[in-house]
Amino acid sequence: MKRVIVTGGTGLVGKGIEAALAHGDARDDEEWIFLSSKDGDLSDLEATRAIFAKHQPTHVIHLAAMVGGLFRNMKYNLDFLRVNMAINDNVLACAHEFKVEKVVSCLSTCIFPDKTTYPIDETMVHLGPPHSSNFGYSHAKRMVDVYNRAYHAQHGSKFTSVIPTNIYGPHDNFNIDDGHVIPGLIHKVYKAKAAGEKLTCWGSGTPLRQFIYSEDLGRLMIWALREYPEIDPIILSVDEAAEVSIRDVVHKVADAAGFSRDDVVFDTDKADGQFKKTAANTKLRKYLPDFKFTPIDEGIKRSVDWFFENYEQARK
Ligand code: NAP
Ligand code: GDP
């Protein structure tokens, strides 16, 4: 029997894994335990050790992190660096101490060098400084790959990582100031509709992003835990052709909420962040050539409907 703990299991991605398991991916020989910060603060070594001692996991999906959109990252680069370094150091140290068979940690495509060639691939993680807007978060995440290689070199550990692009879906953090673009726009369109006001998209709308629906990512992370054999990271991304502009995204959110595109305005005094971070999913396609991603219109419609139906309980 495998016992899998999912750190950060109550967030956007944890709920995506839970949904994938509920919709056909569960197996009889696996027990899944989804943890939140209420189960213990993973930036504290003793609290982390207590969690591992209690659950005795054989496998770990490590999602817990201080997470935020562009604007939260720009304000708190030091906190993102320190908190995430501490969480990652503690989780991997305890996974080693408690003889966990495999760990899959979650990185992000924002960790890649800002000045680079496109598309980005897995070999480029450490080839230059990340974008300045979120350098604290990015450096902490890059170090997970260094830890994984060091644990493997010194102890033969099977600790690996996945690199998803921007993620969205139900149970996201819909806080307008701290969250990412899709949940932020969904919350803003809700308010704009209620107040009969314009919907303001921050920045110019020209940056490009690849978005992965949380349940698709959940399914891929379950696969990575069971099957992915490498220590080196793997990019989990939709195809390059599915990259969209932020302008496209705000229009899709407006359409899904029944809000007129004519009432969308762009606040160009706000930052755009990185222009693009186009990632190749060639490695993923080598392993899973037929994986079908949820089309973004469908994923946005589901996320908008979820937020409107769950407004009272939603994280905001
Ligand atoms: P999220 O919705 O904000 O969830 C974060 C989770 O981590 C929550 O379960 C939270 O617990 C837990 N957590 C935070 N600090 C903790 C601490 N000190 N101790 C224990 N648990 C803690 O984040 P997410 O979007 O699902 O992100 C999951 C992973 O994906 C992260 O590693 C993130 O860096 C990565 N990622 C996210 C995106 C994206 O677009 N969202 C993109 C690329 C990569 P509570 O619920 O109790 O607070
Ligand atoms: P990033 O991919 O790390 O830059 O993360 P975000 O999801 O925070 O931002 C992506 C892009 O969306 C940036 O160009 C932002 O300027 C733009 N954007 C437009 N409206 C919003 C919003 O309401 N919230 C956020 N977070 N970004 C927004």
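This note goes through the fold, the surface, the aromatic rings and a few single residues of one protein chain.

1. The structure is a predicted model, in which local features need pLDDT of at least 70 and side-chain atom pairs count only at pLDDT 80 or more, while totals for chains, interfaces and linings use all residues. Residues are numbered from 1 along each chain as its sequence is written, and side-chain values use heavy atoms, with hydrogens and water left out.

2. On the overall fold, the protein chain holds 10 helices and 12 strands, where helices (H or I, at least four residues) and strands (E, at least two) are DSSP runs numbered from the N terminus. For 316 residues a compact globule would have a radius of gyration near 20 Å, and the protein chain agrees with this because its own value is 19 Å; the radius is taken over C-alpha atoms, and the globule rule is 2.2 Å times the number of residues to the power 0.38. Along the principal axes, the C-alpha atoms fill a box of roughly 60 × 40 × 40 Å.

3. On burial and contacts, 55% of the 316 residues count as buried, a word that stands for under 20% relative accessible area, with exposed for over 50% and partly exposed for what lies in between (1.4 Å probe, protein chains only). Among contacts (heavy atoms within 4.5 Å) between residues at least 6 apart in sequence, 81% join residues at least 24 apart.

4. On the surface, the protein chain exposes about 13,700 Å², of which carbon and sulfur atoms supply 50%; such areas come from the Shrake-Rupley method with a 1.4 Å probe, and for residues only the protein chains shown count as cover. The mean positions of the 38 positive and 43 negative charges are 1 Å apart, where Lys and Arg count as positive, Asp and Glu as negative, and His and the chain ends are not counted. Each charge is placed at NZ of Lys, CZ of Arg, CG of Asp or CD of Glu.

5. On the aromatic rings, a search of the whole structure finds 19 aromatic pairs; rings of Phe, Tyr and Trp (its six-membered ring) pair if their centres lie within 6.5 Å, and planes under 30 degrees apart count as stacked, over 60 as edge-to-face and the rest as tilted. Trp 32 and Phe 34 form a stacked pair, because their ring centres are 6.2 Å apart and their planes stand at 20 degrees. Tyr 228 and Tyr 287, with centres 5.6 Å apart and planes at 80 degrees, are therefore edge-to-face. This pair links distant parts of the chain, since Tyr 228 is in the loop between helix H7 (214–226) and strand E10 (234–236), and Tyr 287 is in helix H9 (residues 282–287), 59 residues apart. Tyr 228 is buried at a relative accessible area of 1%, whereas Tyr 287 is partly exposed at 27%. Ring pairs also link Phe 174, Tyr 190, Trp 306, Phe 307, Phe 308 and Tyr 311 into a cluster.

6. On the backbone, a cis peptide bond, with omega about 0 degrees, joins Tyr 118 and Pro 119, and Pro 119 is placed in the loop between strand E4 (102–106) and helix H5 (135–155). Gln 56 is not a glycine, yet has a positive phi of about 45 degrees; Gln 56 sits in the loop between helix H2 (45–55) and strand E3 (59–62) and is partly exposed, at 40%. His 171, likewise not a glycine, has a positive phi of about 70 degrees, lies in the loop between strand E6 (166–168) and helix H6 (181–195), and is partly exposed at 31% relative accessibility.

7. On two buried strand residues, Val 4 lies in strand E1 (residues 2–7) and counts as buried at 0% relative accessibility. Leaving aside residues up to four places away in sequence, Val 4 touches Glu 31, Trp 32, Ile 33, His 59, Ile 61 and Leu 225, and of these Trp 32 is itself buried, at 16%. Tyr 168, in strand E6, is buried at 1% relative accessibility; its C-alpha atom is separated by 5.4 Å from that of Tyr 213, although the two are 45 residues apart along the chain. With residues up to four places away in sequence not counted, Tyr 168 has contacts that include Leu 12, Phe 211, Tyr 213 and Ile 300.

Notes:
Chains lettered and ligands numbered in written order.
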